[in-house]
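Me: I would like to learn how to read the features of a model. Let us take them one at a time.

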Amino acid sequence: MLRKSSVSVAKNRLKALVTSDRVQCLPDSYDNICRELYETLSKYMGITEDEFHVEIERTHILISFSGEEA
Amino acid sequence: MGEVIVITSGKGGVGKTTTTANIGAGLSQLDKKVVVIDTDLGLRNLDVVMGLENLIVYNLVDVIEGTCRLKQALIRDKRYENLYLLPSAQTKDKSAISPGQMKKLTSELKEEFDYILLDCPAGIEQGFQNAIAGADRSIIVTTPEVSAIRDADRIIGLLEKSGLTQNALIINRIRMDMVRKGDMMSVEDVTEILSIPLIGAIPDDEHVVIGTNQGEPVIGLDSKAGTAYSNICKRIMGIEVPFMNLNSDAGLFAKLSGLFRKE
């Protein structure tokens, strides 16, 4: 059984840290933000949770979804 | 007309000063006229890293306060053509100069030099504000560690907010043996998080320590870090240079095991 690489731990911790630094929220708020944004948008749009994605950048919050399939 | 580049990091101890010294030496080797300025008031270091500590008469604060003329404070590095140091003051604190004064000084220096490199103090307080005031572009130095990358992200945010748009990243002290084992973040891991253009990746190299011990830039030595720094200098000048293969030290087995990196 392979030990979980310390890099994947580091990356997950870092992503939570930079997200909370960028928008000054608690490190674990990201998941709540994603869920609530999804809940709001899904009231108006025909989207499903797995095609919905939120990315917090330094100057933008990007909400993306993969869109309707042909 | 010269260009002012601030070298910054947020976190201390990631290699800003060594980077400034080596890029300064490297650009002067490429026939550019360069001045490096230590803006860390109260904690003078750049002179020591460059091996010029015994030649200091005047410093940055003397120039700004008008105690001496700019030319009197510039120390010429005799080993290089056209490389000058403006040292910091060891006895003053950050409040001795203002962002406006730094801006005036750098614009004066732009008339005479091709590149003005500012070695920024750690932190995000006034020393940082002074150092970035006159900058045209920035180089952010980080190491592949959580705390250093986190601080780099904040610094990049502050630089962007202050209107600096040309920001490039140096990832310092990479150990490929650890990256291969999945125990150190790779260049790709770091750039993915920070999402700014990479201008260089520097392997952890004992030559850097040896160079610092002797007060000599590693750029002149036949070493991996020296080559990485000289590639960075070319990229600063707009010359396209392929990124060096940091894996070249590895044996076949290590290269193979790199293919099966743990995720």
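Me: How does the radius of gyration of chain B agree with that of a compact globule?
Reply: The radius of gyration is taken over C-alpha atoms, and the globule rule is 2.2 Å times the number of residues to the power 0.38. For 263 residues a compact globule would have a value near 18 Å, and chain B has 18 Å, so the two agree. The C-alpha atoms of chain B fill a box of roughly 60 × 40 × 30 Å along the principal axes.

Me: What kind of model is this, and how are residues and chains labelled?
Reply: It is a predicted model, in which local features need pLDDT of at least 70 and side-chain atom pairs count only at pLDDT 80 or more, while totals for chains, interfaces and linings use all residues. Residues are numbered from 1 along each chain as its sequence is written, and chains are lettered from A and ligands numbered from 1 in the order in which they are written.

Me: What radius of gyration does chain A have?
Reply: Chain A has 15 Å, whereas a compact globule of 70 residues would have a value near 11 Å. Its C-alpha trace spans about 40 × 35 × 20 Å along the principal axes.

Me: What share of the residues in each chain is buried?
Reply: A residue is buried if 20 or more other C-beta atoms, placed from the backbone, lie within 10 Å of its own, exposed if 12 or fewer, and partly exposed in between. Buried residues make up 48% of the 263 residues in chain B and 6% of the 70 residues in chain A.

Me: How many helices and strands are there in chain B?
Reply: Helices (H or I, at least four residues) and strands (E, at least two) are DSSP runs, numbered from the N terminus. Chain B has 12 helices and 8 strands. Chain A has 2 helices and 2 strands, in the pattern α-α-β-β along the sequence.

Me: What is the order of the strands in the sheet of chain B?
Reply: Strands of a sheet pair through backbone hydrogen bonds, either parallel or antiparallel. Here two strands count as paired if DSSP finds at least two bridges between them. In chain B, an open sheet of 8 strands has the order β3-β4-β2-β5-β1-β6-β7-β8, with mixed pairing. β3 (75-76) and β8 (198-203) of chain B are at the edges with a single partner strand each, so one side of each has no neighbour in the sheet. Strand β7 (residues 167-174) of chain B runs parallel to β8(B), joined by 4 bridges, and I170(B) stands opposite G200(B) in β8(B).

Me: Which residues have a positive phi?
Reply: Most residues other than glycine have a negative phi. R173(B), in strand β7 of chain B, has a positive phi near 60°. R173(B) counts as buried because 20 C-beta neighbours lie inside 10 Å. S195(B), also not a glycine, has a positive phi of about 40° and is found in the loop between α9 and β8 of chain B. With 11 C-beta neighbours inside 10 Å, S195(B) counts as exposed.

Me: Which elements of chain B touch chain A?
Reply: Two residues are in contact if their C-beta atoms, placed from the backbone, lie within 7 Å. By that rule, 16 residues of chain B are in contact with 16 residues of chain A. On the chain B side, α7 (146-161) and α9 (187-194) are the elements that give two or more residues. α7(B) gives the most, with 8 residues.
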